[in-house]
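I opened the notebook to look up burial, strand pairing and the ligand shell. My notes follow the structure.

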Amino acid sequence: MNILGILGSPRIGGNSDVLLSQALAGAKDAGADSVEKIILDRKHISGCKDCKKCKKTGICAVKDDMQEVQKKILDAYAVIHSCPVYFWSMTAQMKAYLDRWCVFFDEEWRWQKIYYPKMRAKRIGLITVCGEPNVQTADPIVHSFKSTADLTKLTWLGAVMASATNKGDITNNEAAIKEAFELGRKAATP
Ligand SMILES: Cc1cc2nc3c(=O)[nH]c(=O)nc-3n(C[C@H](O)[C@H](O)[C@H](O)COP(=O)(O)O)c2cc1C
């Protein structure tokens with residue numbers, strides 16, 4: 001069982017990175033065979049072009065690092081995303097990645113037949129960090145991911161929402177650290 005972590009922040013060692021590491025540690029603790037973190041900022045992932053070629057072939061026409069990431073999503077038991085709030089929304093890196101999920105769906109937003117066996121039971125979770133003290137500032141990010149999960153009947157593991165501003169400040173937030181760890185445990189617990 002492999003648990004995949006997707007980091008949407010370009011700040012390595014930053015708050016969402018720290019929480020994602022905690023989640024992956026939780027997954028290991030719960031018995032995951034392996035965990036892997038993908039740092040989107042180190043990948044070349046363009047936005048979706050809405051060319052609809054994938055609707056016929058199940059293959060994205062945009063050739064970049066998303067093909068490799070897509071394969072890892074397919075093979076993962078669960079995918080945990082972690083992203084800071086940038087201007088009341090997700091980061092550009094995370095948005096480009098999420099838009100490229102289009103490849104998984106047919107014209108009616110059902111799973112493409114070739115992906116259905118691996119995607120139907122997929123579990124996804126989310127971690128958000130915002131600078132504002134009110135963690136609900138990240139609601140738009142949660143809405144994006146949870147709506148995607150609801151629409152496609154993915155298993156929604158829940159969202160950990162935390163607040164911190166400076167790099168690494170989140171390490172002082174014991175509750176958020178524990179919640180992220182528990183999210184990872186849940187992701188790896190059948
Ligand atoms: C370009 C940019 C835009 C931001 N916009 C917001 C915002 O709209 N609301 C907010 O609460 N925090 C905002 N922040 C603060 C970050 O969400 C906060 O510093 C967070 O801890 C960064 O997480 P990281 O360390 O994982 O990168 C912004 C930060 C940057 C760099």
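I fixed the burial cut-off before anything else: a residue is buried if 20 or more other C-beta atoms lie within 10 Å of its own. I also kept in mind that the model is predicted.

**Entry: helix α4**

I applied the cut-off to α4, residues 92–99. Six of its eight residues are buried, so by that cut-off the helix is mostly covered. I wrote down the buried ones: Q93, M94, K95, A96, Y97 and L98. Next I looked up what covers them. The cover includes β1, β3 and α6 (139–152).

**Entry: strand β1**

β1 turned up in that cover, and I turned to this strand next. Is β1 mostly covered or mostly open? It is mostly covered, with five of six residues buried.

I then checked its partners. β1 and β2 (residues 34–39) run parallel and are joined by six bridges. In this pairing I found G5 opposite K37 of β2. I followed the chain from β1 through α1 to β2, and this β-α-β crossover is right-handed.

β3 also pairs with β1. Five bridges join the two, and they run parallel. Here I6 stands opposite H81 of β3.

**Entry: helix α7**

I wanted to know whether the length of α7 fits its residue count. The helix covers residues 174–187, which is 14 residues. At 1.5 Å a residue they should span 20 Å, and the end C-alpha atoms are 20 Å apart, so the two agree.

Which residues of α7 are buried? I listed A176, I177, E179, A180, F181, L183, G184 and A187. I noted the helix geometry beside the list: an α-helix has 3.6 residues a turn, so residues three or four places apart point the same way.

I then asked what the buried residues of α7 pack against. One helix is on the list, α1 (15–29). The strands are β1 (2–7), β3 (78–84), β4 (123–130) and β5 (155–163).

**Entry: the ligand shell**

How many residues surround the ligand, and which come nearest? I found 19 around it, and G14, S16, P84, C130 and G131 come nearest. α1 and β4 are the elements that give two or more residues to the shell. The largest share, three residues, comes from α1.

Last, I sorted the shell by residue type. Eight of its residues are nonpolar, seven are polar and four are charged.

**Closing note**

I marked α1 for a second look. It packs against the buried residues of α7, lies on the path from β1 to β2 and gives the largest share of the ligand shell.

Terms used. Residues are numbered from 1 along each chain as its sequence is written. This is a predicted model: local features need pLDDT of at least 70, side-chain atom pairs count only at pLDDT 80 or more; totals for chains, interfaces and linings use all residues. Helices (H or I, at least four residues) and strands (E, at least two) are DSSP runs, numbered from the N terminus. The expected span of a helix is 1.5 Å times one less than its number of residues. A residue is buried if 20 or more other C-beta atoms lie within 10 Å of its own, exposed if 12 or fewer, and partly exposed in between; C-beta atoms are placed from the backbone. Two residues are in contact if their C-beta atoms, placed from the backbone, lie within 7 Å. Two strands pair if DSSP finds at least two bridges between them. A crossover is right-handed if, with the strands pointing away from the viewer, the path from the first strand over the helix to the second runs clockwise. A residue is near a molecule or strand if its C-beta atom, placed from the backbone, lies within 6 Å of it. Ala, Val, Leu, Ile, Met, Phe, Trp, Tyr, Cys and Pro count as nonpolar, Asp, Glu, Lys and Arg as charged, and the others, Gly among them, as polar.
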